[in-house]
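Hi everyone, thanks for coming. I'd like to walk you through one protein today, starting with the whole thing and then going down to single residues. Have a look at the picture first.

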Amino acid sequence: MSIHTQDSAATPTGGAALDDMLLHFEVQRFYTLEAHLLDQHRYADWLELLADDLHYWAPVRSNRLRRQQSLADGVPGEVAIFDETRDSLAWRIRRFDSGMAWAEDPPSRTRHLITNIAVRPGDEPGTYVAESDFLVYRNRLEREVDVYAGGRTDLLRRGEDGALRIARRHILLDQNVLLAKNISTFL
């Protein structure tokens with residue numbers, strides 16, 4: 001996708017341009033809300049942003065020669081950093097609240113930065129494909145610091161209430177070896 005500021009043929013006109021801007025603004029606000037909920041440890045509220053049939057997936061990546069780049073990212077069914085459903089995420093969140101999640105007691109301090117958002121209509125009515133980049137900073141105790149950077153491709157779907165929900169999240173971390181002691185942070 002290239003951005004042309006001078007080329008009027010590449011720029012939507014009239015209502016289409018306004019609709020595109022409103023959709024982009026809505027998705028940006030949605031991601032801002034999501035980041036705030038995660039950074040404030042409001043995980044039960046975050047779950048409400050997820051569709052019931054959610055697939056939350058981050059494949060393991062490998063280093064490959066340029067001619068083998070198509071093999072660098074894992075595929076479904078292979079080992080993954082995350083391969084979760086809404087129910088499995090809800091279970092993890094209940095575990096945080098149980099006092100048995102030792103990796104999060106005391107809780108981490110996080111900051112989710114979401115940028116470079118691009119949105120386009122999905123294949124089904126009421127769905128949108130949203131791509132974004134992220135930087136997540138995590139600090140725990142005095143000296144544990146982790147930084148996660150990467151990109152996400154989400155399938156967003158409008159619920160019956162008209163609100164957006166994340167139906168699919170495909171996360172590609174820029175690092176293929178995680179140096180963190182654990183990854184209890186949601187991306």
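**A walk along the strands**

So, surface first: about 11600 Å² of the protein is accessible, and carbon and sulfur atoms make up 53% of that. Keep in mind that what you see is a predicted model. The protein has 187 residues, and 36% of them count as buried.

What is it built from? Three helices and six strands. If you start at the N terminus and read along, the order goes α-α-β-β-α-β-β-β-β. And here's a number on how the chain comes back to itself: take the contacts with a separation of 6 or more, and 60% of them are between residues 24 or more positions apart.

Okay, now the strands from β3 onwards. β3 covers residues 109-121, and β3 pairs with β4 in the antiparallel sense, over eleven bridges. If you want one pair to find on screen, look for A118, whose bridge partner in β4 is E131. This hairpin of β3 and β4 has five residues between the strands, and G126 there has a positive phi near 80°.

Next step along: β4 is residues 127-140 and β5 is 144-158. These two are antiparallel as well, with 14 bridges. Here you can look for S132, which sits opposite R152 in β5.

Which residue takes a positive phi in the hairpin of β4 and β5? It's L141, with phi near 55°, and the hairpin has three residues between the strands. That one is worth a pause, as L141 is a residue other than glycine with a positive phi. Is L141 buried, exposed or partly exposed? Partly exposed, because its relative accessibility is 36%, and that category runs between 20% and 50%.

One more hairpin. β5 and β6 run antiparallel too, joined by nine bridges, and β6 is residues 164-173. The pair to look for is D154 with R169 in β6. Five residues lie between the strands in this hairpin, and G162 takes a positive phi near 85°.

Let's zoom in on a single residue, N139, which is in strand β4. Why do we call N139 buried? Because its relative accessible area is 11%, and the cut-off for buried is under 20%. What does the side chain of N139 make a polar contact with? With the side chain of R109, at 2.3 Å. There's also a polar atom of the N139 side chain 3.4 Å from the backbone oxygen of E144. Leaving out residues up to four places away in sequence, N139 touches S108, R109, E144 and V145.

Two loops to finish. The first sits between α1 (14-39) and α2 (43-47), and H41 is in it. H41 isn't a glycine, and its phi is positive, near 60°. With a relative accessibility of 32%, H41 counts as partly exposed.

The other loop runs between α3 (86-98) and β3, and P106 is in there. What's the peptide bond from D105 to P106 like, cis or trans? It's cis, with omega near 5°.

That's my tour. If you'd like to try it yourself, go back to the picture and find N139 in β4, then look for its partner side chain, R109. Thanks, and I'm happy to take questions.

Note on methods
Residues are numbered from 1 along each chain as its sequence is written. This is a predicted model: local features need pLDDT of at least 70, side-chain atom pairs count only at pLDDT 80 or more; totals for chains, interfaces and linings use all residues. Side-chain values use heavy atoms; hydrogens and water are left out. Helices (H or I, at least four residues) and strands (E, at least two) are DSSP runs, numbered from the N terminus. Buried means under 20% relative accessible area, exposed over 50%, partly exposed in between (1.4 Å probe, protein chains only). A polar contact is a pair of N or O atoms within 3.5 Å; within protein, one must be able to donate a hydrogen and the other to accept it, and residues adjacent in sequence count only if both atoms are side-chain atoms. Contact means heavy atoms within 4.5 Å. Two strands pair if DSSP finds at least two bridges between them. Accessible areas come from the Shrake-Rupley method with a 1.4 Å probe; for residues, only the protein chains shown count as cover.
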